[in-house]
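Reader: I would like a close look at one part of this protein, taken slowly. Please explain any term before you use it.

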Amino acid sequence: MIPRAAYISDQGSDLADDYSAPAVSAQYLEAAVTAAAVARAYGRLEAFVNMSQLTVSEMDLTSSSESVQHRQQWLVEQVLAWSGLPVVQIRPTVFLENPLLRVGFSSIARNGSIRLPFGRAKTSPVAAGDVAAVVEEILADPAPHTGRIYELTGPRSEDIAAMAAEVSAALGRPVGYTDVPLQEWIDDDLRPLGLPDHVFQHTATMARLHAENRCDRKAEGVEQVTGRPPSGVADYVRKNPSLFTP
């Protein structure tokens, strides 16, 4: 996930909105629960907006195939459900800006191909800007959203071959898809990034879940909250041409 921060924003009254989205880290659980404890002590919140992750919707007490980060996010959702706070849960799928996709996209500039271990599995990545717009709308008028869960994805769920076609159309040049064995991709593409162990394990797990087609999801949360459809892969390419150019 992209780096994020937790903050409390004063709305010019006795009430405030609390947005909690600690970065992916081994301290995620402690940071999120601390934010909830502060929010309870403050006691005059209109909404506590928590950014979780879409995979959490498939988890329970016995889940064991997800990452440590996913487990922490699931636990945070449980704690918030018990807290009595006016919670709004935000569950984005993988971000377009996530290292998982950034690594896959980086090979486009080198050899004209997306290099990922997804096989024919589908995914629906969401843009960070769309997630930010959802949070902004909720904080601007929390009351209609309290107690709600919003699942956020891109405009369509598609395999990487279809995604490559979108990228190709946006760039105006051919872009293919190189399907790589999962362990080879982890060793040769992901490990050289030198990510912290917790982030590495989470990203490698996300790659595996994608390969298992666990991320073939299409949700309407962005449009429900913002009133407009989410942006897609082609939009991301057009906004960030330098990422795809040699």
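Author: A residue is called buried when its relative accessible area is under 20%. With that term in hand, the part to look at in this predicted model is strand 4, residues 87-92, together with the strands beside it.

Strand 4 is mostly covered, with 6 of its 6 residues buried. In a regular strand the side chains alternate between the two faces of the sheet. In strand 4, V87, Q89 and R91 point one way, while V88, I90 and P92 point the other way, and all of them are buried.

One neighbour is strand 3, residues 45-51, which runs parallel to strand 4 and is joined to it by 4 bridges. Within this pairing, V49 stands opposite V88 of strand 4. Between the two strands the chain passes through helix 2, residues 68-83, and this β-α-β crossover is right-handed.

Another neighbour is strand 7, which pairs with strand 4 in the parallel sense, over 4 bridges. Here R91 stands opposite E151, and the bridge partner of P92 is L152.

Strand 7 covers residues 149-152, and its side chains alternate too. Y150 and L152 point to one face and are buried, whereas I149 and E151 point to the other face and are not buried. The pairs can now be read with burial in mind: R91 is buried, but E151, which stands opposite R91, is not buried. P92 is buried, and L152, the bridge partner of P92, is buried as well.

Key:
Residues numbered from 1 in each chain as written. Predicted model: local features only at pLDDT ≥ 70, side-chain atom pairs only at ≥ 80, totals over all residues. Heavy atoms only, no water. Buried < 20%, exposed > 50% of the residue type's maximum accessible area, 1.4 Å probe, protein only. Pairing = 2+ DSSP bridges. Right-handed = clockwise from strand over helix to strand, strands pointing away.
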